[in-house]
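Q: Take a close look at one pocket of this model for me. Which residues form the lining, and what does the rest of the chain look like around it?

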Amino acid sequence: MIKLIKINHNFDSLVLFKDFNASFVEHKINCIIAPSGSGKTTLLNFLSGILKPNEGEIENLIRPVSYVFQDERLIGEINVHENLAFVMKEQFPDLMQRDQRINEYLSLVDLTAVAKAYPRQLSGSMKQRLSFARAFIFRSDVLIMDEPFIGLDMKVKSKIITNFIKLWEKDQRTVIFVTHDIDEALLVSHHISVYSDKPMKLINTHSINIPLTERKIYQPELVDIKKDIYQDIEKW
């Protein structure tokens with residue numbers, strides 16, 4: 001279990017966290033839902049090591065972590081295959097082993113046919129799938145995602161979620177991600193934590209036992225959890 005213990009943090013007079021505690025289950029997908037401006041990205045920055053809280057402890061977190069941002073942040077001057085190779089050089093010095101792993105991950109996200117293409121030649125869906133592949137192909141214990149599906153239409157989002165689940169099933173690392181989309185959270189999370197506005201406090205946590213590959217948004221268990229989350233949100 002990754003734990004944040006008695007975290008205090010402020011920006012000048014703006015208090016984001018006061019005696020804040022949180023826990024995330026290892027080797028599962030943990031979702032965070034909270035109001036805009038409440039400090040979600042700051043929380044992810046604590047976990048990634050980008051930012052250190054003013055006070056408090058973070059336990060059982062091994063760095064470095066992988067990170068999927070809202071925008072893809074691909075390297076435009078090199079092709080798809082090379083974008084993956086770029087993050088693997090130190091961990092996989094053997095070229096044959098590296099290429100084998102790259103080909104495997106490109107297949108998982110349906111990008112084998114565009115391995116030699118450049119990011120500017122890819123659709124938005126392709127870029128985001130490449131971003132996920134890059135995050136998973138880099139060896140880390142934890143993957144952090146900041147609204148990775150935002151701005152995608154339903155058809156594209158469905159395809160990307162399917163590819164994301166394939167990647168996670170292959171390499172079941174700890175995932176911590178932020179979203180405002182409850183349906184999205186229900187489809188890809190094992191645990192959904194709903195937090196209050198600043199200073200952020202935990203309102204409720206919901207666990208889902210249906211296997212990721214078998215979920216449909218209309219299943220009774222998911223419908224009931226969705227109703228409960230809406231009740232949590234009314235406390236914002």
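A: The lining of the second largest pocket is made by Ser 66, Tyr 67, Arg 73, Ile 75, Asn 83, Phe 86, Val 87, Ser 131, Arg 134, Ala 135 and Phe 138. This is a predicted model. Three elements each give two or more residues to that lining: strand S5 (66-68), helix H2 (80-86) and helix H4 (124-137). H4 is the main contributor, with three residues. By number, Ser 131, Arg 134 and Ala 135 fall within H4. Ser 66 and Tyr 67 fall within S5. Asn 83 and Phe 86 fall within H2. By class, the lining has six nonpolar, three polar and two charged residues. The volume of the second largest pocket is about 200 Å³.

Go next to the stretch before S5. The loop between strand S4 (55-59) and S5 holds Pro 64. The peptide bond that leads from Arg 63 into Pro 64 is cis, with omega near 10°. The loop between S4 and S5 also holds Asn 60. Asn 60 is not a glycine, yet its phi is positive, at about 65°. Its relative accessible area is 48%; exposed begins over 50% and buried lies under 20%, so Asn 60 is partly exposed.

Compare this with the largest pocket. Its volume is about 370 Å³. It is lined by 15 residues, and Ser 158, Ile 161, Thr 162, Leu 187 and Arg 215 are the closest to its centre. Helix H5 (154-170) and helix H6 (182-188) are the elements that supply two or more lining residues. H5 gives the most, with seven. The class split here is six nonpolar, three polar and six charged residues. Both linings thus hold six nonpolar and three polar residues, but the charged residues number six in the largest pocket and two in the second largest.

H5 also carries a buried tryptophan. Trp 168 is in H5. Its relative accessibility is 3%, under the 20% limit, so Trp 168 counts as buried. Its contacts beyond four places in sequence are His 27, Lys 28, Ile 29, Phe 136, Arg 173, Val 175, His 190 and Leu 212. One of these, Phe 136, has a number within H4, the helix that gives the most to the second largest pocket. Another, His 27, is 141 residues away along the chain, with 9.4 Å between the two C-alpha atoms.

Now take strand S7 (residues 174-178), where Thr 174 sits. Thr 174 has 2% relative accessibility, so it counts as buried. Beyond four places in sequence, Thr 174 touches Ile 2, Val 25, Glu 26, His 27, Lys 28, Asn 30, Asp 141, Val 142 and Leu 143. His 27 and Lys 28 appear in the contact lists of both Trp 168 and Thr 174.

Helix H1 (residues 40-48) is mostly covered, with eight of its nine residues buried. The buried ones are Lys 40, Thr 42, Leu 43, Leu 44, Asn 45, Phe 46, Leu 47 and Ser 48. Gly 49 follows just after H1 and has a positive phi of about 90°.

Two more loops deserve a check. The loop between strand S1 (2-11) and strand S2 (14-24) contains Asp 12. Phi of Asp 12 is positive, near 55°, and the residue is not a glycine. Asp 12 has a relative accessible area of 73%, which is over 50%, so it is exposed. The loop between strand S8 (191-195) and strand S9 (202-207) contains Pro 199. The Lys 198 to Pro 199 peptide bond is cis, with omega near -10°.

Finally, the chain as a whole. Its secondary structure comprises seven helices and nine strands. The radius of gyration is 18 Å, and the globule rule gives 18 Å for 236 residues, so the chain is as compact as a globular protein of that length. The C-alpha trace spans about 50 × 40 × 30 Å along its principal axes. Of the 236 residues, 48% are buried. The exposed area is about 11,600 Å², with 50% of it from carbon and sulfur atoms. Among contacts between residues at least 6 apart in sequence, 68% link residues at least 24 apart.

Key
Residues are numbered from 1 along each chain as its sequence is written. This is a predicted model: local features need pLDDT of at least 70, side-chain atom pairs count only at pLDDT 80 or more; totals for chains, interfaces and linings use all residues. Side-chain values use heavy atoms; hydrogens and water are left out. On a 1 Å grid over the protein atoms alone, a cavity is a set of points where a 1.4 Å probe fits but cannot get out, and a pocket is an open set with protein on both sides within 12 Å along at least five of seven lines; lining residues have an atom within 4 Å of a point. Grid points are joined across faces, edges and corners, and a volume is the space filled by probe spheres set on the points. Helices (H or I, at least four residues) and strands (E, at least two) are DSSP runs, numbered from the N terminus. Ala, Val, Leu, Ile, Met, Phe, Trp, Tyr, Cys and Pro count as nonpolar, Asp, Glu, Lys and Arg as charged, and the others, Gly among them, as polar. The radius of gyration is taken over C-alpha atoms; the globule rule is 2.2 Å times the number of residues to the power 0.38. Buried means under 20% relative accessible area, exposed over 50%, partly exposed in between (1.4 Å probe, protein chains only). Contact means heavy atoms within 4.5 Å. Accessible areas come from the Shrake-Rupley method with a 1.4 Å probe; for residues, only the protein chains shown count as cover.
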